[in-house]
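Let's work through a few short exercises together. Have a look at the model first, then follow each solution step by step.

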Amino acid sequence: MAAVRGLTGGADYAFEALGREETVQQAWASLDVRGQLVLVGLLPGGARITLDAGPFVSEQSVKGCYFGSADLHRDIPVLVGHYLRGELALDGAFDDLRAGLGARSVLVFGR
């Protein structure tokens, strides 16, 4: 938290992907004015989180995310198009998954 704030003054966006209250609080504390915390990680059913209410005055916000908030009817055809044009390298990612090298992968689009 302090390291992020020291380097940048605060983050515009923070993504919590572990589903742990401790990391939710850390991400919340790392935000700048008008920063947004996106909860990607799944917290246990019935879990409650406690956040410092002060940053709400600075228009900071919290948003939930379910499977990347994708619109499958719109997004899948677009991603398939990228793959077919060679702009999205999925073969290596799937090979890694099959080999048990990771449960989740991050796709990096070329420039």
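**Exercise 1.** Find out whether F56 is buried, partly exposed or exposed.

*Solution.* F56 has a relative accessible area of 42%. Buried means under 20%, exposed over 50% and partly exposed in between (1.4 Å probe, protein chains only), so F56 is partly exposed.

A quick note before moving on: this is a predicted model, where local features need pLDDT (the predictor's confidence in each residue, from 0 to 100) of at least 70, side-chain atom pairs count only at 80 or more, and totals for chains, interfaces and linings use all residues. Residues are numbered from 1 along each chain as its sequence is written, and side-chain values use heavy atoms, leaving out hydrogens and water.

**Exercise 2.** Work out which residue forms an aromatic pair with F56, and how the pair is classed.

*Solution.* Start with the partner: it's W28. Next, the geometry: the centres are 4.9 Å apart, with 45° between the planes. Ring centres of Phe, Tyr and Trp (its six-membered ring) must lie within 6.5 Å to pair; planes under 30 degrees apart are stacked, over 60 edge-to-face, and the rest tilted. This pair is therefore tilted. Finally, W28 is buried, at 3% relative accessible area.

**Exercise 3.** Place Q60 and list its contacts (heavy atoms within 4.5 Å) beyond its neighbours within four places in sequence.

*Solution.* Q60 sits in the loop between β2 (31-39) and β3 (61-64); such strands are DSSP runs of E, at least two residues, numbered from the N terminus. With 6% relative accessibility, Q60 is buried. Its contacts are W28, L31, D32, R34, G35 and P55.

Key:
Helix = DSSP H or I, 4+ residues; strand = E, 2+ residues; numbered from the N terminus.
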